[in-house]
Amino acid sequence: MTGEAREADGETGPLDGLTVLDASRVLAGPFCTMQLGDLGAEVIKVERPDGGDQTRGWQPPSYGESDESAYYMSINRNKRSIALNLASADGREVFRALAREADVLVENFRVGKMDDWGLGYDDLAEVNPELVYCSLSGYGEWGPDADRPAYDIIMQAEGGLMSITGEEGRTPVRVGVALADIGAGMYATQAILAALLERELGNSGGQKVDISLFDGQVAWMTYMASNYFATGDPPTRMGSRHPTIVPYQAFETQDSYVVVAVGSEAIWARFCTALDRNDLAEDERFSTNADRVANREELDSLLADEIGEYGTDEVLSLFDDHDVPASDVHDMADIFETPQVEARGMHREIEHPTAGSVEMPGSPMHFSNTPTTIRQYPPRLGEHTRELLHEAGYEDEAIEDLVEADVVAPLDE
């Protein structure tokens with residue numbers, strides 16, 4: 001099917017018929033390939049026989065009494081697993097056989113490792129010129145930092161995010177999920193889809209895609225970077241406050257916190273009415289957003305005292321009655337009990353042979369004709385080794401030889 005236009009049948013995702021060879025592990029790559037799998041692609045996850053993807057061992061927590069890591073399960077649905085030793089010549093030959101039939105390859109080994117193995121883009125493009133080959137790394141394939149190892153917290157620090165995250169005068173903090181990895185996975189998905197579109201419409205064959213965690217973090221600085229370019233002053237940590245909109249932050253109530261987003265002058269007027277503080281709307285210090293930014297500290301103090309007199313539910317009811325954007329701060333239990341999450345299909349469940357019923361967030365991508373689906377539970381290590389080798393043209397005797405040579409490790413062994 002490589003390189004051919006496809007007709008969607010309305011029952012599977014828009015990438016039905018595409019094959020993705022996933023030689024990635026941990027987070028950025030698997031998050032990318034999970035999205036492609038949700039979109040209907042057939043994803044073949046290539047894992048080391050001795051333990052597989054490192055996140056299989058990142059526990060606790062695990063599901064129930066099983067040995068299935070919650071971390072691994074969160075990003076590996078809609079994939080089949082083959083346990084394959086790429087350090088062996090025979091293992092690399094199996095990988096080449098799989099790559100010949102693939103539309104997309106995703107890998108996140110250290111820069112240059114796939115080339116050392118003879119599995120780099122130039123090598124595989126010779127046998128599959130239609131292949132879209134995506135490499136994910138910490139700093140990309142060139143530049144003075146290309147060979148440095150990368151971890152999310154380092155990326156958040158070096159990429160600027162930690163300089164603007166946390167309370168003023170306090171220790172910098174990382175965002176609570178690994179945004180550098182997840183952002184790179186999203187950029188990789190976007191770039192792969194663009195390369196596939198170019199292949200289909202431009203008839204130019206496949207190409208190499210290079211995505212780095214660091215680049216993604218720098219790109220995500222957007223308006224914060226522009227604020228710096230415009231003023232010459234690096235933005236600093238402001239807690240939940242916004243540098244150019246006031247009030248736009250969290251306030252403490254009698255029993256927890258409420259977050260407000262006063263994003264226009266019309267909302268400001270309604271906000272003051274909701275609190276029965278029209279005097280604030282009439283105060284020349286706070287007349288416009290520019291005034292409120294200039295007099296932020298005075299206004300914050302007034303609002304902190306005012307909102308601190310209310311319980312969270314009470315003040316949220318007032319804001320809702322006056323069409324003021326506001327919320328309490330939801331934890332994970334709150335999120336997955338909200339009617340909106342249920343209505344949008346963002347709380348999903350799938351049966352797993354050892355973990356039982358596994359809950360997970362759904363896909364945020366919604367289509368009118370080709371819906372995303374969760375078809376396959378996160379696979380056990382090597383669960384599909386034999387069937388994938390059969391599909392690649394290996395006979396039973398050849399498979400047994402590979403097992404004997406420790407090239408592959410089927411689940412049942």
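Tyr151 is exposed, at 59% relative accessibility. The model you are looking at is a predicted one, and this tyrosine is a handy place to start exploring it. Tyr151 sits in the loop between β5 (132–137) and α6 (152–158). Together with Ile153 and Ile154, Tyr151 makes a nonpolar surface patch of about 310 Å².

**A buried lysine**

From that exposed tyrosine, let us turn to a lysine. Is Lys79 buried or exposed? Lys79 has a relative accessible area of 1%, so the residue counts as buried. Its place in the chain is the loop between α2 (70–73) and β3 (80–83).

What does the side chain of Lys79 reach? One partner is the backbone oxygen of Pro30, at 3.0 Å. The side chain of Asn76 also makes a polar contact with the Lys79 side chain, at 3.0 Å. Beyond neighbours within four places in sequence, Lys79 is in contact with several residues, including Thr33, Met34, Val43, Tyr377 and His384.

Lys79 also forms a salt bridge with Asp22. Asp22 belongs to strand β1 (residues 19–23) while Lys79 is in the loop between α2 and β3, so this pair ties together parts that are 57 residues apart in sequence. Asp22 and Lys79 are both buried.

**Salt bridges**

Side chains of opposite charge can pair when their charged atoms come close. Across the whole structure, 25 salt bridges are found; here are three of them.

| Pair | Closest N and O atoms |
|---|---|
| Asp22 and Lys79 | 3.5 Å |
| Glu42 and Arg80 | 2.5 Å |
| Arg386 and Glu400 | 2.8 Å |

Glu42 lies in strand β2 (residues 42–47) and Arg80 in strand β3, so their bridge joins parts 38 residues apart in sequence. Glu42 is partly exposed at 29% relative accessibility, whereas Arg80 is buried at 13%. These two residues are also linked with Glu387 and Glu391 in a network of salt bridges.

Arg386 and Glu400 form a salt bridge. Arg386 is in helix α17 (residues 385–391) and Glu400 in helix α18 (residues 396–404), so the pair ties together parts 14 residues apart in sequence. Arg386 is partly exposed, with a relative accessible area of 23%, and Glu400 is partly exposed as well, at 35%.

**Cysteines**

How many disulfides are there? The count comes to 0. For Cys134, the nearest cysteine sulfur is that of Cys32, 5.6 Å away. A disulfide needs sulfur atoms within 2.5 Å, and Cys134 is in none. Cys134 is buried at 0% relative accessibility, and Cys272 is buried at 1%.

How values were computed:
Residues numbered from 1 in each chain as written. Predicted model: local features only at pLDDT ≥ 70, side-chain atom pairs only at ≥ 80, totals over all residues. Heavy atoms only, no water. Patch = residues over 30% accessible without salt bridge, like charges linked within 9 Å, V, L, I, M, F, W, Y side chains within 5 Å. Areas by Shrake-Rupley, 256 points an atom, 1.4 Å probe, with all protein chains shown as cover. Salt bridge = Lys/Arg side-chain N within 4 Å of Asp/Glu carboxyl O. Helix = DSSP H or I, 4+ residues; strand = E, 2+ residues; numbered from the N terminus. Buried < 20%, exposed > 50% of the residue type's maximum accessible area, 1.4 Å probe, protein only. Polar contact = N/O pair within 3.5 Å; in protein donor to acceptor, adjacent residues only side chain to side chain. Contact = heavy atoms within 4.5 Å.
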